[in-house]
Amino acid sequence: MTFSAIDAMHMAQALRLAERGLYTTQPNPRVGCVVAQGERVVGQGWHERAGEPHAEVHALREAAERARGATAYVTLEPCAHYGRTPPCADALIAAGITRVVIAAEDPFPQVAGQGIEKLRAAGITVQSGLMREAARDINIGFFSRIERHRPWVRVKLAMSLDGRTALANGESKWITGDAARTDVQRWRARSSAILTGVGTVLADNPQLTARIDAPHTSPWRVILDRHLRTPAGSHVLDGQTPTLLLHGETANVTDDRFARVERIAIAEKDGALDLHAVLALLAKRGCSELHVEAGATLCGTLFAAGLADELLLYVAPIMLGDAARPLMHLPTLTQMAARWRLEVIDQRQIGADWRIRLRSPG
């Protein structure tokens, strides 16, 4: 399908608009819309928060009568069903839009081609696929949750140049500088949930919150605690942020430590919580992007099992020595051909440190 330079210009703007909802639309996807008459933009908008009007509605309101005969550029297929808001496909039809250009089709079962079908049935020209990969990447967690029935798992790690995450005695504050730690808060804020294991809770007593100045939907906290060892007084039990504490099926307590969090029993496999079951549960609850900040064992288990979709790696220009703790605990390899291959998708300097994003090829 052929698109013009004008089409590309307007869709690029729609994608920029979609990114404005990066921290606020959970569990909905981030969507941007531009309404244009040729080169001239007459309306634009983005989905700002779940339960509020979608991107198309904001753009059409701004365009008003100028929407008649115009083209709408939308980063995700317009919805065709009644949810908390009316169908956007109906709004585009009622506004007199004559052409709709869509970046990515919506896999959500209640949309999944029905928005396109409704628009075409009304005589509107519909074209899709312009900047599809970029649109999918903005909503990588949404697509993962709907298509794979599990969230996109992003594992955050910070290490020294020699691949160490903490001293032998466990001290790890701070490997990276202020700029890198501030950057991490933005990745937390865009996530549906932040996950860690009880070992990290016992060692560091983390808050697991997103601390940014911009408006954001607070991610839930998810704690994997097979034997319910999280102690009273832990930040994750403070009730300030919705928290799921996932434990083994036979674990039990008689005190009220967990009164302000939700406890859920998870099936066990090979002497640990079944991580596939954990991810399936989170997806059912609307978790799209899962941000993991955990120790070498849990991170290594996720990675070795093929459940870590992306590594968010911060590298500090320091050395910690051979006795310091490793990045991840992974199975021993006996052949170089079995090594794990990763693809660098982005790298940049953050203050004095480097941030590298990696994914498995393909």
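How exposed is methionine 131, and what is its relative accessible area? Hold on to that for a moment, everyone, and I'll come back to it once we've looked at the chain as a whole. One thing up front: this is a predicted model.

Let's start with the overall picture. The protein chain contains 10 helices and 18 strands. Its radius of gyration is 23 Å, close to the 21 Å that the globule rule gives for 362 residues, so the chain is as compact as a globular protein of that length. If you like to think in boxes, the C-alpha atoms fill one of roughly 70 × 45 × 40 Å along the principal axes. Of the 362 residues, 52% count as buried. Take the contacts with a separation of 6 or more: 69% of them are between residues 24 or more positions apart. As for the outside, the accessible surface is about 16800 Å², and carbon and sulfur atoms supply 50% of that. And for those of you who care about charges, there are 42 positive and 39 negative ones, with mean positions 0 Å apart.

Now, back to methionine 131. This residue is partly exposed, with a relative accessible area of 29%. You'll find methionine 131 in the loop between strand 5 (125-128) and helix 5 (132-138). Its phi is near 60 degrees, which is a positive value in a residue other than glycine.

Asparagine 205 is another non-glycine residue with a positive phi, here about 45 degrees. Asparagine 205 sits in the loop between helix 8 (198-204) and strand 9 (220-224), and it is partly exposed, at a relative accessible area of 28%.

While we're on backbone geometry, please look at glutamine 26 and proline 27. The peptide bond joining them is cis, with omega about 5 degrees. Proline 27 belongs to the loop between helix 1 and strand 1 (32-37).

Let's move inside. Which residues does aspartate 7 touch, if we skip those up to four places away in sequence? They are Tyr73, Arg99 and Leu130. Aspartate 7 is part of helix 1 (residues 5-18), and with a relative accessible area of 4% it is buried. Its side chain makes a polar contact of 2.7 Å with the side chain of tyrosine 73.

Leu130 turns up again in our next stop, isoleucine 102, which lies in strand 4 (residues 99-104). Isoleucine 102 is buried, at a relative accessible area of 0%. Leaving out residues up to four places away in sequence, its partners include Met11, Val74, Leu76, Ile116, Val126 and Leu130. For a sense of scale, isoleucine 102 and arginine 285 are 183 residues apart in sequence, and 28 Å separates their C-alpha atoms in space.

Arginine 285 brings us along the chain to my last topic, helix 9, which covers residues 275-284. At its N-terminal end, aspartate 274 acts as a cap: a side-chain oxygen lies 3.0 Å from the backbone nitrogen of histidine 276. Within helix 9, the buried residues are Leu275, Val278, Leu279, Leu281, Leu282 and Ala283. It's handy to recall that an α-helix has 3.6 residues a turn, so residues three or four places apart point the same way. Try that spacing on Leu275, Val278 and Leu282, which are among the buried ones. Just after helix 9 comes glycine 286, with a positive phi of about 95 degrees.

That's my tour. Thanks for listening, and I'm happy to take questions!

Key
Residues numbered from 1 in each chain as written. Predicted model: local features only at pLDDT ≥ 70, side-chain atom pairs only at ≥ 80, totals over all residues. Heavy atoms only, no water. Helix = DSSP H or I, 4+ residues; strand = E, 2+ residues; numbered from the N terminus. Rg over C-alpha atoms; globule rule 2.2 N^0.38 Å. Buried < 20%, exposed > 50% of the residue type's maximum accessible area, 1.4 Å probe, protein only. Contact = heavy atoms within 4.5 Å. Areas by Shrake-Rupley, 256 points an atom, 1.4 Å probe, with all protein chains shown as cover. Lys, Arg positive; Asp, Glu negative; His and termini not counted. Charge placed at Lys NZ, Arg CZ, Asp CG, Glu CD. Polar contact = N/O pair within 3.5 Å; in protein donor to acceptor, adjacent residues only side chain to side chain.
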